[in-house]
Amino acid sequence: MRGEGLGVRGSSGTANQTCSSGIVWIATEDGGGRDAAVQADEEQALVLACQHGDLSAYERLVRAYQDAALRSAFLLTGNRQAAEDVAQNAFLQVFRHLARFDTERAFRPWFFGILANEARQHLRRQRRQPTVAWSLSSDALDGACVDPLLDGLIRNDERAQVRAALAALGEPFRTTAVLYYVNNLAVDEVATALGCRVGTVKSRLHTARKRLRAALATQAAPGASNQIAG
Amino acid sequence: MLHLRSPRPTQAAAPAQEDQRLRAALHSASLDAPRADLWPRLQPAARQQAATRPRWWWRFVPTWQARRVALAFVSLVLIAAIAASAWEFFRMRAATLATTGTVPDTLLLTTYDQHAQSSSVAAMHAGTQQITPILDGTNMPVISPDGKLLVFTETTKDNGRWHTTLVAYNSATLAPLWRVPVDDSPYNASTNSPYLAFMSTVAISSNRVYLAGYHYQVDKAEPIVITAYDRASGQKRETWQVDVGLPGRMPSGNVGLYVTPSSGSNQSLVLIATTGVLGQQNNMQPQDAYFRFHLPDGKLEARVAPVAQSSTQPPFYYIGQSQPTADGQSLYRVNYANPGNLAVVFFDLPTGTIQPPLLAPLGGATANDYVPYEQAVSNDGRTLYMFAPTRGQLAIVDLPNRRLVQVVQIANAAQGTPGASRPAPSLLERVWHGLRGLVVREAAAKFDFQGAMQVSPDGHWLYAISATGASYEATANGVLVIDMTTWRVVDRWLPGQEPNALALSNDGKHLYVNSWQSDGNSQTARLRAIDTSSSASVFETTLPAAAGSYVTSFSSLADLYRDRYGRSPRTPGGQTAAQPFIPPAAIVPSVNPTAVTAGDRVTIEARFVDPQSGNVVTPGQQGVRYDAPTSVTATLCPPEQGNGCQSTPITLTQATYGVYRGDTTAPDAGVFTVQVTAHWADGSYRSAVPPSGPLTVQPAFKGMDNHRYILKLSADPAQPVVNQEATLRATFVDADTGAPLPENVSLVDGLPAELEADLFAPAGVSGRTLKSVGHGVYQGPVKLFSAQTWTVRISFTDANGKLITFASGTLQGVAK
């Protein structure tokens, strides 16, 4: 499903929604947020064009990856503003270092590796500034452009609980889980993105899965009716 | 409510289902993420970066595969270059430093006792002034290749016999390690026969100490005996006899013994013996013989006897008293070469042949002209520097390739920097030099440097003894600091002093400057230590010598090592570069006027100037170090009083930034050395004398009319022609108006009946009587016998019977 996930499948169905900013939001089942117009082989061509300074190619890459980047960054940082900063910095880093990128390798893990690194650096800076804290509650979502279709599926507070559970994971489990579950990278691609071994990724995923399960089970009240999956 | 737990699935399906649920949950949690178009924000930065991308070199390798190949190629080239450099580095180390030892920071000095007719050696640890006697009856030791062992040859006389003993010392602790007797010869004081002397020399390898010795006899050719001793214990291991095998000849003079590298890791022992004609005590026809032995068995590998001279002058005799090159392949020595130049003569150690000499033209033009010189080798032993300070020229020789690299003119060396002139010689000096010049010219070669020049550990600075005068009349004059990157003199230390030996501490921080001082009975060494980074005096001490004894030589262990192995030892802990040297401001004193009458006021000024430009320093000036002194004083001393001068210091006060001034009343008649000394808060001080020379004070004679009268000299012709008679006239004139002594006025102490005029020049002395030819006017014939400047000294006895003598002026002799 990954990599080819340009269509919209699964229970969430197709979700097109125009927000107040007027930007088209394309949600996909794989969560990668890849623009339907960008195919895998085209992606390689775009990267090559970028390497030769083609700004329009870079623009296409940005537009193809920005949604996925913003959502991943949001989950990693827990803050909407921070997510935008992180995603923006990640794209700048990509453009800066694209000349040295080996086009024989997959672009996607490389990109999300950079994004994860930017998010880590952001959180590290945040820790040195204690006045700015994680904001995982729905209070932080004032003015957010929320998909009403999905909103019907999982309410705001429930999504906040998932993010709280994700935040409670801690590093490096949070990043590993986001890359695997949200960005739909394969285990070996996560390993490439994070610069660690495949076994390490599997171990982290196992831990993340266990902790998420425990955290979400604790938050769940008896008689819960709104299960996300059965 | 979230509930991730589902009814327990089958064992295989459970993780996949849980992953599915987690994926959906996280995905929905991300729906609250901001939705923004980042491109408008990224575009400006991307556009700016795109303007410089791709980097130009990537244009030539557009694909990543090509870049990989290019990077691999560049990496391989870099690796190969690093490997080659490392190989060359280690090869060089193997050839030079791998076997280079370390030596302690110790200075050695030898003294000779005239009564005991014996030399002794003492040590002074650098940085201290403590003298430790080491051994009597010996001279400078031979140092081992690792620098840890000092081997002395001790000779003592007892019960009519000479006892020669080999004594080994630890160079670090200066504690004796072992001693072995090597010769015991009868001594007949009346005939000094049959054994005139046991001549010996020492060479040291990693595990042996070799001694080559023979009994020198005028009428008998004795074999040379080589004995190998265990280096650690001194036990005798092997003995070989060497017959020089030259009919009608005998060993004469010192022999040379060298451990040299041969093929592979093998070593050879080379013996070079100088021979003389049997029965002739003075060896006027020396011939050298060469022997090479395989080590450790002593098998004779090669013999060349006699060694043939090169067809090119100058010849190379007494080869065994030469220095080896660092690679152990050659012996070399600096010889004089006509016309008035220098040459390096080489002896090839593996083949035993003299190589054509390397001529170094140092501006000489006259045959047999004496050119004083100093020499030093670079720390790696590859470069020889020969410096002729009187000509300011320095020859650079590539020793391994036996090639003259260049001859450079050292800027400011011959001319001298400000404040560097030597004061005019005293009366005693002039008389002595004049007499010496008349008698024997060889004795007048005053430029006798025992110590070599010194190269700083970082190879940046060359410390050389400066000289004034020329040829045989050259006189040492302070120390030059030469920048080896620009070949310029950047500073001059101890101007006016006559050093004869230099040594450098191992770290290059202290320069030891030695000067002999003789009171006619004993000769002491005046040793000064200078901080090379600041040029400040660190200490100054007199190395003691008992009555009847002479300090004869002065050397650091590093110098001994260089002499023996052709290169510098390693400094413990690695070569320590000397501190960066910023030349301090030079002191330029001046006195105005330079010739006055007793009682006149004279002004003394000291200017601190940039040694490069000669300009007075300015506040905050870069490239020159100037710390305002706490006090600046001047003294006026008769030169012959030297350090014993008791003159009251004249305080100079700051007139402007870097300029100090003071005045005083000219003392009684005479010639006075003006010395300005600046003192700093840390106790350091520096002195300088005016480049214009000493202050000449004419005596003023009081007239009956209360006017002051001085004696004015004139000659007819004004510049006498050499070897032609001229008239010298001396007239009493008014000191203020220059008018002659009036007929009706006499001097308070009476007019002398006649005057004695003594004339001095480097070529000799001459005396004449000037008869009275009028009221206060005296004249007489003179004949100058060289076209030089002659100083006229007038003497007479006044009415009170007091002898009055003073330098009254000069006459310039001109050639026909």
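## Loops, hairpins and a small cavity

In chain B, B:Pro306 sits in the loop between β15 (300–304) and β16 (323–324). The model is a predicted one, and in it the peptide bond joining B:Ala305 and B:Pro306 is cis, with omega at about 0°. Chain A has a cis bond too: it runs from A:Glu171 to A:Pro172, with omega near 5°. That proline, A:Pro172, also belongs to a loop, the one between α6 (156–169) and α7 (173–182) of chain A. For background, most peptide bonds are trans, and most residues other than glycine have a negative phi.

**Chain B as a whole**

Now for the wider view of chain B. Its secondary structure comes to six helices and 49 strands. The chain has 816 residues, of which 50% count as buried. Take the contacts in chain B between residues at least 6 apart in sequence: 55% of them join residues at least 24 apart.

**Two hairpins in a row**

Let's start the strands with β5 (residues 149–158) and β6 (residues 161–170) of chain B, which run antiparallel and are joined by ten bridges. Within that pairing, B:Thr156 has B:His163 of β6(B) as its bridge partner. β5(B) and β6(B) make a hairpin with two residues between them, and B:Asn159 in the turn has a positive phi of about 50°.

β6(B) then goes on to pair with β7 (residues 176–186) of chain B, again antiparallel, through nine bridges. Here B:Thr165 is matched with B:Pro181 in β7(B). This pair is a hairpin as well, with five residues between the strands. Which residue in its turn has a positive phi? That is B:Leu174, at about 55°, and B:Leu174 is not a glycine. Is B:Leu174 buried or exposed? It counts as buried, because its relative accessibility is 12% and the cut-off for buried is under 20%.

B:Leu494 is another leucine with a positive phi, near 50°. It lies in the loop between β27 (488–493) and β28 (501–504) of chain B. With a relative accessible area of 21%, B:Leu494 is partly exposed.

Here are the backbone angles of the residues just discussed, along with the glycine that comes up further down.

| Residue or bond | Angle | Value |
|---|---|---|
| A:Glu171 to A:Pro172 | omega | near 5° |
| B:Ala305 to B:Pro306 | omega | about 0° |
| B:Asn159 | phi | about 50° |
| B:Leu174 | phi | about 55° |
| B:Leu494 | phi | near 50° |
| B:Gly566 | phi | near 75° |

**A four-stranded sheet**

Further along chain B, four strands make an open sheet in the order β20-β21-β22-β23, with antiparallel pairing. β20 (374–377) and β23 (403–409) of chain B are the edge strands, each pairing on one side only. From one strand to the next, the twist averages 20°. How many bridges join β22 (residues 393–398) of chain B to β23(B)? There are six, and the two strands run antiparallel. Look at B:Ile396 and you'll find B:Gln406 of β23(B) standing opposite. In general, strands of a sheet pair through backbone hydrogen bonds, either parallel or antiparallel.

**A mostly covered helix**

Helix α6 (residues 557–565) of chain B is mostly covered, with seven of its nine residues buried. The buried set takes in B:Leu557, B:Ala558, B:Asp559, B:Leu560, B:Tyr561, B:Arg562 and B:Tyr565. So charged side chains are on that list too, including B:Asp559 and B:Arg562. After α6(B) comes B:Gly566, whose phi is positive, near 75°.

**A cavity among chain A helices**

Across the whole structure, a search turns up two cavities of 30 Å³ or more. The second largest has a volume of about 30 Å³. Which residues line the second largest cavity? They are A:Tyr58, A:Leu61, A:Tyr65, A:Phe91, A:Val94, A:Phe107 and A:Phe111. By class, the lining residues divide into seven nonpolar, no polar and no charged.

Three helices of chain A, namely α2 (55–77), α3 (80–97) and α4 (107–127), each supply at least two residues of this lining. α2(A) gives the most, with three residues.

Note on methods
Residues are numbered from 1 along each chain as its sequence is written. Chains are lettered from A and ligands numbered from 1 in the order in which they are written. This is a predicted model: local features need pLDDT of at least 70, side-chain atom pairs count only at pLDDT 80 or more; totals for chains, interfaces and linings use all residues. Side-chain values use heavy atoms; hydrogens and water are left out. Buried means under 20% relative accessible area, exposed over 50%, partly exposed in between (1.4 Å probe, protein chains only). Two strands pair if DSSP finds at least two bridges between them. Axes are lines fitted to C-alpha atoms, for helices over the stretch in contact, and angles run from 0 to 180 degrees between N-to-C directions. On a 1 Å grid over the protein atoms alone, a cavity is a set of points where a 1.4 Å probe fits but cannot get out, and a pocket is an open set with protein on both sides within 12 Å along at least five of seven lines; lining residues have an atom within 4 Å of a point. Grid points are joined across faces, edges and corners, and a volume is the space filled by probe spheres set on the points. Contact means heavy atoms within 4.5 Å.
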